[in-house]
Amino acid sequence: MKLTALSHLPRETRDTLFLLAVIAWVMLPQVAHLPAWASALAAGVLLWRGWLAVGGRPLPGRWVLVALLAVALAATWATHRTLLGRDAGVTLVVMLLALKTLELRARRDALVVFFLGFFALLTNFFYSQSLATAAAMLVALLGLLTALVNAHRPVGQPSLRESAWTAARMALAGAPVMLALFVFFPRFAPLWGIPTDAMLGRSGLSSTMEVGAVTQLALDEGIAMRVKFEGAPPPQSQLYFRGPVLTRFDGRRWTAAGGGDGFDATLAPGPGDLQVRGAPIRYQVTLEPSQRPWLLALDAAPRPLDLPEGQRARMTADLQWLAYRPLTDLLRYQAESYPDFRYGLTGWDGKPRRDMDAFLRLPAGFNPRTLALAGELRRQHPEGDAPALVRAALERLRTGGYGYTLEPGPVGRDTADEFWFDTKAGFCEHIASAFVVLMRAAGVPARIVTGFQGGELNGVDGYWTVRNADAHAWAEVWTADRGWMRVDPTGAVSPGRVGQFQRLRLPDGALAGAVGRLSPTLLAQLRATWEAVNNGWNQWVLNYTQSRQFDMLKHLGFESPSWQDLGKVLAGLLTVAALGGAAWARWERSQHDPWLRLLARARRRLGEAGVSAPPQAPPRELLERVQASSLPPELRRQLADWLLALEHLRYAPAGQPRTLAKLQREFRQFSWPRK
């Protein structure tokens, strides 16, 4: 609602409607996370309170509020099965804030609503710390500060515009202190925690892969991570970011070796026989929170990842990097990978690896036609040469009329049979699963690797953006002379998906389509610019870690910085800020009212012009003395008009069109007689 429209309402109604609008703005981002009943109840309460304010109707009684509170508590318990935790707590805070507006009878009630509003504002960051969320909450902060300032101006009907300007100046004055706290306040590990409500990963990767599930990821254009390469990046066809490795197959679902949530998957240490050659690729990864422990890196990254302070990780025998706890916040780390590598030829004991039964095992009674196809391939290659069998399968994919599609249709019991002989179309998971089943049936040890493949360069900031839609599944086969080797059967079906990075995507929406038709490159440029701005926010704000604090102290001259040094610097800055504030307040107290200063200036100038002007003379008395003086008639007329306007500005400001600044300018323009 516009401030000018509110100004015509009675003071109490105007202030109440403005506060309700600010509260609605604070609650709006929570709608995506609140239960439907909570959003509906909060909206209903706010609309009801606005209706009561506009009509001047009495507020509901205490028992009505008690009944609504009981309903909110019961519904929260029924929805979340707890009153604790993030989601349940946020629901209760929103409900309490909405219900408290029905008790707005005195300034004390308004203050409670204000501070509940500040707390509800902070809860938005439980779900998102993006730049858009921060900008929206900055607007909410200014709105709450405006309402708070206005509540401390009880006399008359002060303008909301003036209160908003005062709130903005307060926020601006506090910005240096806020910046100092952000930069220098020691960043410890969290001293508390809240129960996690949903282990729902944004990347879509999992320690299990059911054929048909990863297909949905092609619809998600959200960002999974950003990568910054040192020097020239590798070709897109080599951008395979390794995630969970899947070994077990029950006929439809693939699971990791441990079969759990990722922590128990392949608990053995990293391969001792990993051999790398050539120059490494060095890069920086900014990984979005996924609620999973997986740290994505290019194959193969033998050296420990350079993680922030307090983070630890290990590499499994499958070359996958795992953190020791789920990633709930944005994480940035440095990595070093070697595209040319070899591993898997020896076991944990260092002896040549021979027992590969786990990678040949298939469930009984599934995919009989694929088993028959494997037998045919073995008859064509009686020597059992694994590379020859792999080449034969890939040739069949290239020449057999197979397709890469976003909608492969429903999947039945024999998933590999349906792909090889019926649909002949699928997404990467269908292709990889069918290929590995065929390889195992032909006697070639094989498994599935999931992760991300490809990326697109953002020309604005130089980062490669990897999206959830880039989730991919490929295969690894084992040979006695080379160990594990990557084979991507999707590249045989659709070379553009891997080599030229032509991923499937949904058509643009109406607005994006209109912009795209207007300028084919404008939409891409706008998107790249927005993502670069968001990436800058992630790099410099969300990812401002303790290690970066210490690096900054080193630049300031500290040899071995610690959190005590941070505290000293922060204390020094706050002391300087406090002394500066005290000096400013002292100077302010020494200054008179601007109106009085202008009146005193007029007295002095009249005295210099020969007009008697006593120190305590008001504008009306000065007007009489000016009219009785020998000043030029035109100057007497101008001064008379000016003094009357000065008096009206002080005692009747509502009807005075001239501001103090305008009167100051007019006074400077008077033509005084020369002595």
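## A sheet of three strands

In this predicted model, three strands form an open sheet in the order S7-S10-S9, and their pairing is antiparallel. The edges of this sheet are strand S7 (294-295) and strand S9 (313-315), each of which pairs on one side only. Strands of a sheet pair through backbone hydrogen bonds, either parallel or antiparallel.

Strand S9 is joined to strand S10 (residues 321-323) by three bridges, and the two run antiparallel. One pair that can be followed in the structure is Arg-314 with Leu-322, its bridge partner in S10.

## The pairing of S6 and S11

Another antiparallel pairing links strand S6 (residues 281-287) with S11, and here there are seven bridges. Within this pairing, Leu-287 has Leu-331 of S11 as its bridge partner.

How much of strand S11 is buried? Strand S11, which covers residues 331-337, is mostly covered, with six of its seven residues buried. In a regular strand the side chains alternate between the two faces of the sheet.

## Backbone details in the loops

Some loops next to these strands contain backbone angles that a student may wish to look up in the structure. Gln-291, in the loop between S6 and S7, has a positive phi of about 60° although it is not a glycine. This residue counts as buried because its relative accessibility is 17%, and the cut-off for buried is under 20%.

Leu-319 is likewise a residue other than glycine with a positive phi, in this case near 70°, and Leu-319 is found in the loop between S9 and S10. With a relative accessible area of 5%, Leu-319 is therefore buried.

A further detail concerns a peptide bond: the one from Asp-299 to Ala-300 is cis, with omega near -20°. Ala-300 lies in the loop between strand S8 (297-298) and S9.

## A positive patch on the surface

Which residues form the positive surface patch? The patch is made up of Arg-601, Arg-604, Lys-662, Arg-665 and Arg-668. Helix H19 (594-608) and helix H22 (660-668) each supply at least two residues of this patch, and H22 gives the most, with three residues.

Is Arg-668, a residue of helix H22, buried or exposed? Arg-668 counts as exposed because its relative accessibility is 52%, and the cut-off for exposed is over 50%.

Definitions and conventions:
Residues numbered from 1 in each chain as written. Predicted model: local features only at pLDDT ≥ 70, side-chain atom pairs only at ≥ 80, totals over all residues. Heavy atoms only, no water. Patch = residues over 30% accessible without salt bridge, like charges linked within 9 Å, V, L, I, M, F, W, Y side chains within 5 Å. Areas by Shrake-Rupley, 256 points an atom, 1.4 Å probe, with all protein chains shown as cover. Salt bridge = Lys/Arg side-chain N within 4 Å of Asp/Glu carboxyl O. Lys, Arg positive; Asp, Glu negative; His and termini not counted. Charge placed at Lys NZ, Arg CZ, Asp CG, Glu CD. Helix = DSSP H or I, 4+ residues; strand = E, 2+ residues; numbered from the N terminus. Buried < 20%, exposed > 50% of the residue type's maximum accessible area, 1.4 Å probe, protein only. Pairing = 2+ DSSP bridges.
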